[in-house]
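Work through the exercises below with the model open beside you. Try each task before reading its solution.

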Amino acid sequence: MEPILELDGLSKVYSGGLKALDDVNLTIRKGEIFALLGPNGAGKTTLIGAVCGMVTPTSGTIRAFGHDMAKDWRKARARIGLVPQELSTDMFEPVMRAVSYSRGLFGLAPDKDRIEEVLRSLSLWDKRDERIMALSGGMKRRVLIAKALAHEPDLLFLDEPTAGVDVELRKGMWRIIDEMRSRGVTIILTTHYIEEAEEMADRVGIIRGGKIVMVDEKDAMMARLGRTEAHIALAAPLSQIPPSIARYPVELEQNGSSLCYRGGDGAGKGKQDVAALTKALLAEGIDYTGIDIRESSLEDIFVSLLGEEEAG
Ligand SMILES: Nc1ncnc2c1ncn2[C@@H]1O[C@H](COP(=O)(O)OP(=O)(O)OP(=O)(O)O)[C@@H](O)[C@H]1O
Ligand SMILES: [Mg+2]
């Protein structure tokens, strides 16, 4: 797949000495949705700032659309859109003008139809003549998105696009992102809603302390690191695990009244194990009253990965 963005040995040390990016190597493919996940202060916004020209890298190179950003940023910058994390737009401007201006900023001819389409898709058409300062927080965020969309970028950064946005609007945003993907826009988003990455992303990168800890296809990551957890409520408590089921990754919990299975591979093995396990229990004459079974989510994976990092 054609790379659209290549980060090579990218580091950023802020003037106070803080290393916000530490030798980041990352290739983004044309047309993909890439979710960058990481705790507060991990370096997500710094990474985006480096690509979008707000942060000067301390070392390393950034190539976007084949251009070296240090030498040739103008050519690439016009094709990159950004929805920033911080609201920084001109509060006194009416919505329509701010969004139209943003298009002109990137050297595009005015296009009223395009602006109308963008504003309508974000439910901002009715607000087009309002000053941005008079809008609610969620609507202000939508204006930022409208501004980024107005110049029809090929590569779009969304830095926490749905922070502080209500559930309905968040779903609306997902639809817009999906629509952009179908038009061939490459999207890099950061989010604290892991559900969002799970829903949208093709690939996921996990960043912590300025280092990329892991990058993988979302499905592969979930299959490789996913686990099944099953709690089997026993009709009568057990004092020990019978030898016939001891080969499974099981433990007794709640004073022996619950048998817990934690294992599998995120690709069906866990369910098969639990089915076999319940048969083995019945063969032993051990009855149960219920089974609660769940597959781990990207969130569980994320939390356990960061936990390992902390421990290590
Ligand atoms: N302008 C700056 N000067 C000095 N340090 C900075 C500056 N901007 C960010 N940092 C520091 O760099 C680190 C990374 O910050 P960054 O904003 O990139 O994190 P983030 O992953 O986007 O976090 P969040 O999830 O909270 O948005 C943090 O420790 C932050 O305090
Ligand atoms: Mg940030």
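**Exercise 1. The ligand site**

Which residue places a polar side-chain atom 2.8 Å from an oxygen atom of ligand 1?

Solution. The residue is Gln-85: a polar side-chain atom of Gln-85 lies 2.8 Å from an oxygen atom of ligand 1. A polar contact is a pair of N or O atoms within 3.5 Å; within protein, one must be able to donate a hydrogen and the other to accept it, and residues adjacent in sequence count only if both atoms are side-chain atoms. Next, take the backbone. A polar backbone atom of Gly-41 is 2.8 Å from an oxygen atom of ligand 1. For a polar backbone atom of Gly-43, the distance to an oxygen atom of ligand 1 is 2.9 Å. Now turn to the area. Ligand 1 taken alone exposes 640 Å², and the protein buries 63% of that. Accessible areas here are Shrake-Rupley values with a 1.4 Å probe; for residues, only the protein chains shown count as cover.

Before going on, note the conventions: this is a predicted model, in which local features need pLDDT of at least 70 and side-chain atom pairs count only at pLDDT 80 or more, while totals for chains, interfaces and linings use all residues. Residues are numbered from 1 along each chain as its sequence is written, chains are lettered from A and ligands numbered from 1 in the order written, and side-chain values use heavy atoms, with hydrogens and water left out.

**Exercise 2. The shell**

Describe the residues around ligand 1.

Solution. Start with the count: 14 residues surround ligand 1, each with a heavy atom within 4 Å of it. Asn-40, Gly-41, Lys-44, Thr-45 and Thr-46 come nearest. Then sort the shell by type: five nonpolar, seven polar and two charged. Here Ala, Val, Leu, Ile, Met, Phe, Trp, Tyr, Cys and Pro count as nonpolar, Asp, Glu, Lys and Arg as charged, and the others, Gly among them, as polar. Finally, find the main contributor. Helix 1 (residues 44-52) supplies the largest share of the shell, three residues. Helices (H or I, at least four residues) and strands (E, at least two) are DSSP runs, numbered from the N terminus.

**Exercise 3. The cores**

Which three residues touch the most other members of the largest nonpolar core?

Solution. They are Leu-156, Ile-177 and Ile-187, in a core of 48 residues. Such a core is a set of buried Ala, Val, Leu, Ile, Met, Phe, Trp, Tyr and Cys residues joined through side-chain atoms within 4.5 Å. Helix 5 (residues 137-150) gives the largest share of this core, seven residues. Another core, of 27 residues, lies apart from it; Leu-21, Val-24, Leu-47 and Ile-80 are among its members.

**Exercise 4. Two residues compared**

Is Ser-258 buried or exposed? Place Ile-293 on the same scale.

Solution. Ser-258 lies in strand 13 (residues 258-263). Ser-258 is buried, because its relative accessible area is 6%. Buried means under 20%, exposed over 50%, partly exposed in between (1.4 Å probe, protein chains only). Ile-293 lies in strand 14 (residues 288-295). Its relative accessible area is 38%, so Ile-293 is partly exposed. Now check the contacts (heavy atoms within 4.5 Å). Beyond four places in sequence, Ser-258 contacts residues including His-231 and Glu-251. Ile-293 and His-231 are 62 residues apart in sequence, yet 6.4 Å apart in space, C-alpha to C-alpha.
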